[in-house]
Amino acid sequence: MNTDITASAKPEYPVIDRNPPFTKTVANFNTLDYLRLTTIAGISVTVGYLSGIKPGIRGPSMVTGGLIGVMGGFMYAYQNSAGRLMGFFPNEGEVAKYRKY
């Protein structure tokens, strides 16, 4: 089974790195990626706190919601960053940064 995403879809934008490593993808996070990550985490903390039915469970529920939110936000930011590097999302900033003329 071919798991290469480029086999099923062709990039619409310039490709910076066809298979970016973890460190390059995280280093490529922009302000919007960090904003999305913190927004998702903040909403998850709030939802976790509010979903605690009894006062004694609100703290652990809030922490669990926060951890889920941080992981979900990170994965969303990572997906966007990798998509820009692979040319699947608009990447004018990355083209200017990584292209050497």
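Partly exposed here means a relative accessible area between the buried limit, under 20%, and the exposed limit, over 50%. Lys24, with 24%, is therefore partly exposed. Keep those cut-offs in mind, and also that this is a predicted model.

## The domain in the record

Let's start with the annotation. An unreviewed UniProt entry places the feature "domain: NADH-ubiquinone oxidoreductase 21kDa subunit N-terminal" at residues 11–89. Over that stretch the chain is 70% helix and 0% strand. The C-alpha atoms at its two ends are 8 Å apart.

## Salt bridges

The structure holds four salt bridges. Three of them are set out here, with the closest N to O distance for each.

| Pair | N to O distance |
|---|---|
| Lys24 and Asp17 | 3.4 Å |
| Arg84 and Asp33 | 2.7 Å |
| Glu94 and Arg84 | 2.6 Å |

Take Lys24 and Asp17 to begin with. Their side chains meet in a salt bridge, and the two partners differ in label: Lys24 is partly exposed at 24%, while Asp17 is buried at 18%.

Arg84 turns up in two rows of the table. Its bridge to Asp33 has N and O atoms 2.7 Å apart at the closest. Arg84 sits in helix H3 and Asp33 in helix H2, so this pair ties together parts of the chain that are 51 residues apart in sequence. The other bridge brings in Glu94. Glu94 belongs to helix H4 (residues 92–98) and Arg84 to helix H3, so here the parts tied together are ten residues apart in sequence.

How accessible are these charged residues? Arg84 has 8% relative accessibility and counts as buried. Asp33 is buried too, with a relative accessible area of 0%, and Glu94 is buried with 6%. Add Arg36 and you get a network of salt bridges linking Asp33, Arg36, Arg84 and Glu94.

## Leu85, next door in sequence

Leu85 lies in helix H3. At 0% relative accessibility, Leu85 counts as buried. Which residues does Leu85 touch, leaving aside its neighbours within four places in sequence? The contacts are Val15, Ile16, Asp17, Pro20, Lys24, Thr25, Asn28, Glu94 and Tyr98. Some of those names should look familiar: Asp17 and Lys24 are the two ends of one salt bridge, and Glu94 is part of the salt-bridge network. Leu85 and Pro14 are 71 residues apart in sequence, yet their C-alpha atoms are 8.4 Å apart in space.

## Aromatic rings

Now for the rings. A pair of aromatic rings is described by the distance of the centres and the angle of the planes. A search of the whole structure finds five aromatic pairs. One of them is Phe22 with Phe74, a tilted pair at 6.2 Å centre to centre with 45 degrees between the planes. This pair links distant parts of the chain: Phe22 is in helix H1 (residues 22–27) and Phe74 in helix H3 (residues 58–85), 52 residues apart. Both residues are partly exposed, Phe22 with a relative accessible area of 49% and Phe74 with 24%.

Phe74 has another partner in Phe29. Why is that pair called tilted? The ring centres are 5.7 Å apart and the planes stand at 55 degrees, so the pair is tilted; planes count as stacked under 30 degrees and as edge-to-face over 60. Phe29 lies in the loop between H1 and helix H2 (31–51) and Phe74 in helix H3, so the pair ties together parts that are 45 residues apart in sequence. Phe29 is buried, at 10% relative accessible area.

Step back and these rings belong to one aromatic cluster, made up of Phe22, Phe29, Tyr34, Phe74 and Tyr78.

There is also a charge over a ring: Arg58 lies over the face of Tyr49, at 5.4 Å from the ring centre.

## Ser44 and its glycines

One last stop, in helix H2, where you'll find Ser44. Is Ser44 buried or exposed? At 17% relative accessibility, Ser44 counts as buried. A polar atom of the Ser44 side chain lies 2.9 Å from the backbone oxygen of Ile40. Not counting residues up to four places away in sequence, Ser44 touches Gly65, Gly66 and Gly69.

Definitions and conventions. Residues are numbered from 1 along each chain as its sequence is written. This is a predicted model: local features need pLDDT of at least 70, side-chain atom pairs count only at pLDDT 80 or more; totals for chains, interfaces and linings use all residues. Side-chain values use heavy atoms; hydrogens and water are left out. Rings of Phe, Tyr and Trp (its six-membered ring) pair if their centres lie within 6.5 Å; planes under 30 degrees apart count as stacked, over 60 as edge-to-face and the rest as tilted. Helices (H or I, at least four residues) and strands (E, at least two) are DSSP runs, numbered from the N terminus. Buried means under 20% relative accessible area, exposed over 50%, partly exposed in between (1.4 Å probe, protein chains only). A charge sits over a ring if NZ of Lys or CZ of Arg is within 6 Å of the ring centre and within 35 degrees of the ring normal. UniProt positions are given in the numbering used here, feature names are shortened, and annotations may be inferred rather than shown by experiment. A polar contact is a pair of N or O atoms within 3.5 Å; within protein, one must be able to donate a hydrogen and the other to accept it, and residues adjacent in sequence count only if both atoms are side-chain atoms. Contact means heavy atoms within 4.5 Å.
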